[in-house]
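Me: Could you take a close look at the cysteines in this one for me? I'd like to know about disulfides, and then a little about the backbone around them.

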Amino acid sequence: MLPGRGRNGRADRRARIMGTRTAWTPVGDGEFFCPGCGGDRNYQRLTGRRRFTVLGVPVLPRGETGPAVECAACRSHFGTEVLDHPTTIRFSAMLRDAVHTVALAVLAAGGTCARASLEAATAAVRAAGFEDCTEDQLAALVDALASDTGRAFGEASCTGLAIELHEALDPLAPHLAQVGRESILLQGARIALADGPYTPAERDVLATVGAALTIGADEVSRVLEAARTPS
């Protein structure tokens with residue numbers, strides 16, 4: 001059989017004669033984490049219109065397609081769900097704020113802001129990215145929370161703290177692996193243990209942290225027990 005005379009050859013000729021073409025129109029732009037490049041890049045958000053072509057010439061509309069996200073660097077197209085993934089800079093800020101909120105919540109639940117707990121909390125917050133954080137600053141924030149709410153932080157029920165924890169942790173949890181989520185809980189547990197055994201209020205706060213990070217109750221108990229062993 002001569003080249004181009006078989007079934008595949010006829011299909012190739014038809015593809016060259018007839019086909020579809022998409023005309024993309026930019027409708028927005030911004031910065032995103034590009035899965036192709038593996039880093040933060042600029043993007044354009046596109047909508048497209050498909051047209052049936054004959055000999056490369058558009059002749060009939062075939063409807064809309066997209067929207068899509070095009071990376072300005074690698075030119076790859078992705079579904080718009082990639083915009084749900086935070087950029088590296090945004091992710092770092094979310095993680096930093098989460099650790100800070102957990103540290104404050106545990107300190108507040110402890111009620112006394114003992115020096116050992118403040119030292120542990122300050123070390124965790126600094127490691128997360130707030131390098132200028134001091135023990136005095138954290139103590140002042142806990143006092144301010146007490147003044148604003150008028151509640152006793154040693155009590156088991158701290159609705160305001162639960163709301164703050166969920167606001168900080170809920171958006172972050174889907175983007176963390178299990179080990180990352182447990183690491184945040186473990187830091188909070190070690191802050192709680194720095195001045196002695198867990199109090200009921202501290203356990204409640206840590207249980208809330210675990211729930212917000214989508215860690216099961218059994219796993220929360222395991223992490224809290226593991227925190228008792230010096231690293």
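Reply: Here is a walk through the cysteines, followed by a few other residues. Keep in mind that this is a predicted model, where local features need pLDDT of at least 70, side-chain atom pairs count only at pLDDT 80 or more, and totals for chains, interfaces and linings use all residues. Residues are numbered from 1 along each chain as its sequence is written, and side-chain values use heavy atoms, with hydrogens and water left out.

A search of the whole structure turns up 0 disulfides, a disulfide being a pair of cysteine sulfur atoms within 2.5 Å. Take Cys71: the closest cysteine sulfur to its own belongs to Cys34, and at 3.7 Å that is too far for a bond. Cys71 is buried, with a relative accessible area of 0%; buried means under 20%, exposed over 50%, and partly exposed in between, using a 1.4 Å probe and protein chains only. Cys133 is buried too, at 6%.

Now for the strands and loops, where helices (H or I, at least four residues) and strands (E, at least two) are DSSP runs numbered from the N terminus. Cys71 sits in β3 (57-71), and the loop between β3 and β4 (77-78) holds Arg75. Arg75 is exposed at 53%, and its phi is near 65°, a positive value in a residue other than glycine. Thr214 has a positive phi as well, near 55°; its place is the loop between α7 (200-212) and α8 (217-226), and it counts as exposed, with 53% relative accessibility.
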